[in-house]
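Let's take a look at the aromatic rings in this one and see how they pair up. Have the model open while you read.

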Amino acid sequence: MLAHARLLISNPEAGATVEKLPATVELFFTEPVTPAGRGISVYGPDGHLVSTGAARAQGNRLTVSLTTPGIEGTYGVVWTVVASDTHPSRGELTFSVGHASPVKAPGLGGGDVGLVSPLGLVLQALGRWLHFAGYAVGFGAAVYALFVARDPRPLRLAGVGVVLLLVAEPLALLAQTASFDPAQVFDGDALTGALASPFGRVLGLRVAAALGLWAVLGALRQAPWLRWAIPALGLGLGLVDATAAHATPALPQPLGLVLNAVHVAAMGVWAGGVAAFVVAPTRGFGRVAVWSAGLLVASGAALAVLHFANPLETMTTAYGGVLLVKLPLVAVALWLAWRDRRRWELAALACVLLAAAVLVSLPPPR
């Protein structure tokens with residue numbers, strides 16, 4: 001889940017007025033966070049930076065020192081963090097010393113979407129779409145070829161999946177930096193900071209899984225028994241993806257990870273299997289498609305229930321709006337599967353993956 005902040009300045013809440021500039025600003029989040037860049041930037045009424053150095057992190061708290069004494073007027077606080085589930089997040093708060101005044105903080109009121117910049121959201125969604133497609137085509141098609149159809153032709157699709165998985169990660173890295181400041185997409189310090197955050201660990205594991213799949217595919221002719229490594233790698237990558245998915249506060253963390261991993265794996269088997277079926281049809285896929293689609297729908301429904309406090313949030317939040325777009329697409333894919341229109345089913349599933357990529361890039365209501 002993306003982090004939300006609460007400001008503490010010697011007790012007053014954000015937007016309050018204090019008599020003098022405090023020595024520190026503390027932000028409390030709903031979960032542990034890692035500061036991105038300075039973490040907290042505090043700007044005075046004249047637009048000058050009054051915070052000193054980078055914010056100090058301690059669990060779900062960030063603290064930064066201020067240069068005192070300050071002038072009277074309204075101060076802008078801009079925070080940039082990476083949540084424990086690797087999602088980038090930024091936000092803004094204000095407080096006043098003495099009296100209110102116009103805010104001159106750079107980056108304040110930037111028209112964010114889902115706690116990130118619009119460019120960051122677009123890059124996040126594109127990177128995740130490529131990752132989902134790569135997972136499905138890479139692992140799903142390989143499992144279909146080796147265990148369902150026993151036909152090597154779909155293995156070429158698995159090679160395409162490896163490429164998609166590898167292309168997705170640099171794009172995801174740029175999305176992290178663009179989410180905070182579109183002007184610093186290629187900034188060296190911002191990129192280094194992203195790689196040093198929990199996101200960097202997930203990126204490394206994803207690249208390792210993609211390279212592992214590539215190595216196994218290349219060794220299958222000499223060592224056919226290595227085929228069992230492919231579903232193992234796929235399940236492992238599903239668990240890695242689960243650690244980067246939105247947290248499910250209503251469930252113990254291990255159960256939340258398993259539920260997310262099942263959702264990802266079922267998606268890969270269904271979508272990747274349909275892509276492989278188009279290349280090498282076999283009667284045995286029908287039962288596999290039913291089970292994987294059923295698991296996908298059931299796990300997705302459970303996650304949706306866990307992320308909404310009440311049904312009205314589906315109409316009052318961006319997350320809910322995208323979910324309302326995704327559900328009819330899933331229904332269309334199921335109908336096409338029932339009608340045995342596999343090529344059209346594949347097109348519908350590509351749209352489902354795109355909607356899912358946008359969905360996981362937005363903060364859920366809870």
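Are Tyr75 and Phe95 buried or exposed? Both Tyr75 and Phe95 turn out to be buried. Keep in mind that this is a predicted model.

Now for the pairs themselves. The count of aromatic pairs comes to 7. Take Tyr75 and Phe95: their ring centres are 5.3 Å apart and the planes meet at 10°, so this pair is stacked, given that planes under 30 degrees apart count that way. Tyr75 sits in strand S7 (residues 73–83) and Phe95 in strand S8 (residues 88–97), so the pair ties together parts that are 20 residues apart in sequence.

Phe308 and Tyr319 make another aromatic pair, and this one is tilted. Phe308 is in the loop between helix H7 (285–307) and helix H8 (313–316), while Tyr319 belongs to helix H9 (residues 318–338), so here the parts tied together are 11 residues apart in sequence. Phe308 is buried, with a relative accessible area of 8%, and Tyr319 is buried too, at 7%.

Here are the two geometries side by side:

| Pair | Centre to centre | Angle between planes | Type |
|---|---|---|---|
| Tyr75 and Phe95 | 5.3 Å | 10° | stacked |
| Phe308 and Tyr319 | 5.7 Å | 55° | tilted |

There's also a cluster to find. Which residues join Phe277 in one aromatic cluster? Tyr144 and Phe285 do. Phe277 has a charged partner as well: the charged end of Arg342 sits over the Phe277 ring, 5.3 Å from the ring centre.

Note on methods. Residues numbered from 1 in each chain as written. Predicted model: local features only at pLDDT ≥ 70, side-chain atom pairs only at ≥ 80, totals over all residues. Heavy atoms only, no water. Phe/Tyr/Trp six-rings, centres within 6.5 Å; stacked < 30°, edge-to-face > 60°. Helix = DSSP H or I, 4+ residues; strand = E, 2+ residues; numbered from the N terminus. Buried < 20%, exposed > 50% of the residue type's maximum accessible area, 1.4 Å probe, protein only. Lys NZ or Arg CZ within 6 Å of the ring centre and 35° of its normal.
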